[in-house]
Amino acid sequence: MDPAFCLSYLAHSTLFVNNLNINGTHEQKMKYLTKASSGELIGGMCMSEPGAGTDVLGMGTKASKRGDDWVINGTKMWITNGTVDGVNTGDAFLVYARTGEKRTDLSMFIVEKDMPGFSLGQKIEDKLGMRASMTAELVFEDVVVPEENMVGNLNGAALCMMRNLEVRGSETVNVGSEAVNVGNEAQRSELPDAAAIYDTLTPPTRRFAHRRSRESPLPQCPLESHAVASRRWPSTPCNARPSVPPSETSDRSRR
Ligand SMILES: Cc1cc2nc3c(=O)[nH]c(=O)nc-3n(C[C@H](O)[C@H](O)[C@H](O)COP(=O)(O)OP(=O)(O)OC[C@H]3O[C@@H](n4cnc5c(N)ncnc54)[C@H](O)[C@@H]3O)c2cc1C
């Protein structure tokens, strides 16, 4: 399996979906998880900042109360699925921000694409690897977020973050094995059998792959584009995009 695809799907399924499923309200789950499961929404999680990586509790992004709303200011860095098309922000994010004086006084908010003040700072180019997984800088300038978008308790998100990272802890193993896989694949002359890989994907992963294959720019050449295409047009080369956007209807009819 393409490691970059795994990374993108992990950010969507673990950092966004699992996090919201555990910490969100029923209403939040109904609003976002149904779309996340259909592939209509690709999610991510914003924790890291230009000046706060390993020392994540040193983050500077702040959320201040204004009337019934929260106003977020700050910059997040290295956000997987931060953009899907290289031009706009991704669809929705769980964003950690400082809401009190203590280092652990963090709260979590759902921020959606098109909220005023929320923008793509830059798509990170020329990563050492995982290039088919888009990574971005996201900028928050007076982003007004309604109270109903707070996930979990006020100043209670540090625990949510650490628990979610524990789930993601399996990522340490995953990313390590992905690195080994990248090395192994680099030594093989032929492309992996994308069609066979496609057949191993679960339905939610396929829907995620279809969505990304429609919107990711060509130079990324994500394996899922090839996998989706190869199931529809078996002779499609790796660097070609499906000429007809795969539709949910045809995806369902094949199963
Ligand atoms: C491809 C990719 C995708 C990512 N996706 C996301 C995402 O979706 N969301 C998100 O929030 N973040 C994401 N990140 C950011 C990631 O969480 C950070 O890179 C990570 O937390 C490390 O932070 P840093 O890169 O600033 O490294 P630093 O914190 O600067 O660390 C650099 C090195 O110093 C070591 N180090 C740091 N502090 C200490 C210490 N006190 N003692 C000993 N050694 C130390 C570290 O182990 C590391 O080897 C992503 C990063 C990458 C590369």
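## Report on a predicted protein–ligand model

Helix α2 (residues 26–38) has 13 residues, which at 1.5 Å a residue should span 18 Å, and the C-alpha atoms at its ends are in agreement with this, lying 18 Å apart. The model discussed here is a predicted one. Despite that agreement in span, α2 has a kink of about 30° centred on tyrosine 32. Glycine 39 follows just after α2 and takes a positive phi of about 90°.

**Overall make-up**

The protein chain contains seven helices and eight strands. Its length is 255 residues, and 40% of them count as buried. Among contacts in the protein chain with a separation of 6 or more, 70% are between residues 24 or more positions apart.

**Strand pairing**

Strand β3 (69–80) has pairing partners in β2 and in β7. With strand β2 (residues 62–66), β3 pairs in the antiparallel sense over five bridges. Lysine 62 stands opposite asparagine 73 in β3. The connection between β2 and β3 is a hairpin with two residues between the strands, and glycine 67 in the turn has a positive phi of about 65°. With strand β7 (residues 135–146), β3 runs antiparallel and is joined by nine bridges.

Strand β5 (residues 106–112) has six of its seven residues buried, so the strand is largely enclosed by the rest of the structure. Strand β5 pairs with strand β4 (residues 92–98) in the antiparallel sense over seven bridges. The pairing of β5 with β8 is also antiparallel, over two bridges. The table lists the pairings of β3 and β5 with one residue pair from each.

| Strands | Sense | Bridges | Residue pair |
|---|---|---|---|
| β2 and β3 | antiparallel | five bridges | lysine 62 and asparagine 73 |
| β3 and β7 | antiparallel | nine bridges | threonine 75 and valine 139 |
| β4 and β5 | antiparallel | seven bridges | leucine 94 and isoleucine 110 |
| β5 and β8 | antiparallel | two bridges | methionine 108 and valine 151 |

In a regular strand the side chains alternate between the two faces of the sheet.

**Surroundings of the ligand**

There are 14 residues around the ligand, and those that come nearest are Met47, Ser48, Gly53, Thr54 and Trp78. By type, the shell divides into eight nonpolar residues, six polar residues and no charged ones. The elements α1 (3–23), β1 (43–46) and β3 (69–80) each supply at least two residues of this shell.

Tryptophan 78, one of the residues that come nearest to the ligand, lies in strand β3. The phi of tryptophan 78 is near 65°, a positive value in a residue other than glycine. Tryptophan 78 has 17 other C-beta atoms within 10 Å and is therefore partly exposed, since a buried residue needs 20 or more and an exposed one has 12 or fewer.

**Glycine 44 in β1**

Glycine 44 is found in strand β1, one of the elements that supply residues to the ligand shell. With 27 other C-beta atoms within 10 Å, glycine 44 is buried. Not counting residues up to four places away in sequence, glycine 44 touches Ala11, His12, Leu15, Phe16, Ile79, Thr80, Asn81, Gly82, Gly90 and Phe93. A further link across the sequence is to aspartate 91, which is 47 residues from glycine 44 in sequence and 8.3 Å from it in space, C-alpha to C-alpha.

**Asparagine 155 and proline 204**

Asparagine 155 is not a glycine, yet it has a positive phi of about 60°. This residue sits in the loop between β8 (150–151) and α3 (157–187). Asparagine 155 has 16 other C-beta atoms within 10 Å, a count at which it is partly exposed.

Proline 204 belongs to helix α5 (residues 203–215). It is partly exposed, with 16 other C-beta atoms within 10 Å. Proline 204 and alanine 36 are 168 residues apart in sequence but 8.8 Å apart in space, C-alpha to C-alpha. In an α-helix there are 3.6 residues a turn, so residues three or four places apart point the same way.

Key
Residues are numbered from 1 along each chain as its sequence is written. This is a predicted model: local features need pLDDT of at least 70, side-chain atom pairs count only at pLDDT 80 or more; totals for chains, interfaces and linings use all residues. Helices (H or I, at least four residues) and strands (E, at least two) are DSSP runs, numbered from the N terminus. Two residues are in contact if their C-beta atoms, placed from the backbone, lie within 7 Å. A residue is near a molecule or strand if its C-beta atom, placed from the backbone, lies within 6 Å of it. Ala, Val, Leu, Ile, Met, Phe, Trp, Tyr, Cys and Pro count as nonpolar, Asp, Glu, Lys and Arg as charged, and the others, Gly among them, as polar. The expected span of a helix is 1.5 Å times one less than its number of residues. The bend at a residue is the angle between axes fitted to the seven residues ending there and the seven starting there. Two strands pair if DSSP finds at least two bridges between them.
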